[in-house]
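Me: Please take a close look at one part of this structure, the pocket that ranks first by volume. Tell me what surrounds it, then place it in the rest of the fold.

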Amino acid sequence: MLLANNLSFSRNKVNIFNDISLSIGRGQIKQIKGKNGSGKTTFLKTILNILLPENGEVFWEGKNIKKNIFNFYKEITLIMDEPSSTNSLTLMNNINFWRGFSNSIITKNEVSLLLKAFNLEKYKDTQVMYLSSGEVKKLELLRLIIEQKKIWIIDEPYNHLDDGSIEILNQTFIDHVEKNGIILFASHFEPIISNLEIINFK
């Protein structure tokens, strides 16, 4: 279980959020919902120990993540709103890099099926710098399946997606949760997913 206990964070003496708690275990999906500037991304970064909270603690599997950070990170696929793909590489080169880096056992045939599902197959030899924002977003989201990690933490997964891609992503989330995965994402968009729990940031 991932547990955030009474987290508070301020920047330049301005309170971003105060005494926020969250717990999420296997087979659960939770959304942090709020307008731009409400602190959603900052909250994710404090959970990940990228930013240190003023108060509060984060625990993974019963241990403070500061004492368990490498085991915690090994379980996570993190997708922020800024792309992690390399612009000068082709779409397929980026995928092959992620496969190797994560020691993924996903097959080339499975990758081909993913590219078809997200309508990216025709761009596999295209450098990322020439893709649209929606195509780059779909490429980034492929990491969720390629890396095969237990915990998915995602910032604004629905930005730049068309309706068809939103449906595919929703089903991908459902499949992961049904396999006892954990999903925590921040978004102003509320998808239609059963058992989705929402934490509202004002």
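Reply: Start with helix 6, which gives the most to the lining of the largest pocket, 5 residues. The model is predicted. Helix 6 spans 163-178. Two other helices also supply at least two residues each: helix 4 (108-117) and helix 5 (133-147).

The volume of this pocket is about 410 Å³. Its lining counts 19 residues, and the closest to the centre are I145, W152, D175, H176 and K179. By type, the lining holds 8 nonpolar, 6 polar and 5 charged residues.

Now the sheet behind these helices. It is open, with 5 strands in the order 6-7-8-3-9, and its pairing is parallel. Strand 6 and strand 9 (196-200) stand at the edges with a single partner strand each, so one side of each has no neighbour in the sheet. On average, neighbouring strands are turned by 15 degrees against each other, direction ignored.

Within this sheet, strand 3 (residues 28-33) pairs with strand 8 (residues 182-186). The sense is parallel, and the pair has 5 bridges. One residue pair can be named: I29 has I183 in strand 8 as its bridge partner. Helix 6 packs on this sheet and touches strand 3, strand 7 and strand 8. The direction of helix 6 makes about 145 degrees with that of strand 8. Helix 5 lies across strand 6 and strand 7 (151-155). Against strand 6, helix 5 runs at about 175 degrees.

Helix 5 links the account to another site. The second largest pocket holds about 340 Å³ of space. It is lined by 16 residues, with I76, L78, F101, R143 and E147 nearest its centre. Strand 6 (76-79), helix 3 (91-101) and helix 5 each give two or more residues to this second lining. Here helix 3 gives the most, with 4 residues. The second lining divides into 8 nonpolar, 5 polar and 3 charged residues. Helix 5 is thus named for both linings: it supplies at least two residues to the largest pocket and two or more to the second largest.

The chain has another sheet to place. This open sheet has 4 strands in the order 2-1-4-5, with antiparallel pairing. Its edge strands are strand 2 (14-24) and strand 5 (63-64), each pairing on one side only. Strand 5 pairs with strand 4 (residues 55-60) in the antiparallel sense, over 2 bridges. In that pairing, W60 has K63 in strand 5 as its bridge partner. Helix 1 (residues 40-47) packs on this sheet. Helix 1 touches strand 1 (2-11), strand 2 and strand 4. The direction of helix 1 makes about 125 degrees with that of strand 1.

Finally, the whole chain. It contains 6 helices and 9 strands. The radius of gyration is 17 Å, close to the 17 Å that the globule rule gives for 202 residues, so the chain is as compact as a globular protein of that length. Along the principal axes, the C-alpha atoms fill a box of roughly 50 × 35 × 30 Å.

Back to the site you asked about. Helix 4, helix 5 and helix 6 each supply at least two of its lining residues. Helix 5 lies across strand 6 and strand 7, while helix 6 touches strand 3, strand 7 and strand 8.

Definitions and conventions:
Residues numbered from 1 in each chain as written. Predicted model: local features only at pLDDT ≥ 70, side-chain atom pairs only at ≥ 80, totals over all residues. Heavy atoms only, no water. Pairing = 2+ DSSP bridges. Contact = heavy atoms within 4.5 Å. Axes fitted to C-alpha atoms, helices over the stretch in contact; angles between N-to-C directions. 1 Å grid on protein atoms, 1.4 Å probe; cavity = no way out; pocket = protein on both sides within 12 Å on 5 of 7 lines; lining within 4 Å. Points joined across faces, edges and corners; volume = space filled by probe spheres on them. Nonpolar A, V, L, I, M, F, W, Y, C, P; charged D, E, K, R; others polar. Rg over C-alpha atoms; globule rule 2.2 N^0.38 Å.
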